[in-house]
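Biologist: Could you walk me through this fold at the bench, one step at a time?

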Amino acid sequence: MNTFNSGFAGLIDKFIWYRNASGCWNTTSEGNLRYFDNYCAKNYKDSTTLTQSMVDGWCSKRETETSCSCYARTYVVKSFIIFLRDRGLTDVRAPEVIHTKNVKYIPHAFTSMELHNFFKACDSIDLKYNRLQSKLRKLQCPVFFRLLYSSGIRTTEARFLRVQDVDLGHGVLDIRKSKGYDQHYVALHETMTELLQRYESAIQKIQANRTYFFETSKGTHFSRDWVEDNFTALWKSANGTTGNVVAYDLRHNYATENINSWENDPFAASEILHFLSKSLGHRWIQSTLYYYSIVPALADKLSRKTEPGLNKIIPEVWDEE
């Protein structure tokens, strides 16, 4: 059980236990709830119960926040209060969470040159001062981002992969930590399997008994910031500008490239669509159909700019030292 600092820490423990038991809990929600707990402990030291002023003070939109970031920060507090009210454990009113406008996001359409430059930058990471963190970054970044590109898994799923979840013999990932909390399996391209095997051989020399497949020097999984900071830095060094490109676009690219490669056969496409949906970890087929809404608009552009083929960006030489 996690230790919290506010006067209502016991209620937080009950809430987390319930959400965990329901299979509806994640590290992001826990982090935001812990920030709220620390805020209450610091500003209401003498209070032993949850109060309206605590909630209103924390959930009000900050000058530095967008509606989206405010929503992300406060939504778990609203869920916590609803949980308490449903059980008669508080009279505090749930905050009116600011809803964000639905904005259709158009993922970046990668060119073959952009991808070539990006993965070349991954392979060219400098080893600084022979430090462990530098060694890990040099080994992990080329493999981590190629895994996103070649399998379409979410960045969270890659971060939380455990060593036991990666079947290097058959080239299959057991995805336990997913957005929808649905366990599923992902079959890898044979060249990606070979790369993971070489990575495992190299990483064993400096991290023999790790828990996570991509593990920090402290023995934990990487954070979202690690993914975005490294992706942004490498993308900028490779292509000169970051624009609105994010690591998650590699997942979108995987889906759209698959759809663009299908034959114009509605029966075959329907069957393959279900395979793609399961591989992407979608609970509902409608989630996968989203990509049909963006592929027609991007198909001509992608076909002109993108040359499919994983082999073109798999490194020919792997330095295990």
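Here are a few questions and answers about helices and cores.

Modeller: First, this is a predicted model, with local features needing pLDDT of at least 70, side-chain atom pairs counting only at pLDDT 80 or more, and totals for chains, interfaces and linings using all residues. Residues are numbered from 1 along each chain as its sequence is written, and side-chain values use heavy atoms, leaving out hydrogens and water.

Biologist: Which helices do the buried residues of helix 1 pack against?

Modeller: Helices here are DSSP runs (H or I, at least four residues), numbered from the N terminus. The buried residues (under 20% relative accessible area, 1.4 Å probe, protein chains only) of helix 1 are A9, L11, I12, D13, F15 and I16. Counting contact as heavy atoms within 4.5 Å, they pack against helix 2 (27-43) and helix 4 (67-86).

Biologist: How do helix 2 and helix 4 lie, roughly parallel or roughly perpendicular?

Modeller: Their axes, lines fitted to C-alpha atoms over the stretch in contact, with angles running from 0 to 180 degrees between N-to-C directions, come within 9 Å and cross at roughly 80°. Angles of 65 to 115 degrees count as roughly perpendicular. Helix 2 is therefore, relative to helix 4, roughly perpendicular.

Biologist: Which helix supplies the largest share of the largest nonpolar core?

Modeller: A nonpolar core is a set of buried Ala, Val, Leu, Ile, Met, Phe, Trp, Tyr and Cys residues joined through side-chain atoms within 4.5 Å. The largest one has 42 residues, and F145 and L173 have the most contacts inside it. The largest share, nine residues, comes from helix 6.

Methods: Buried means under 20% relative accessible area, exposed over 50%, partly exposed in between (1.4 Å probe, protein chains only). Helices (H or I, at least four residues) and strands (E, at least two) are DSSP runs, numbered from the N terminus. Angles under 35 degrees count as roughly parallel, over 145 as roughly antiparallel, 65 to 115 as roughly perpendicular and the rest as oblique.
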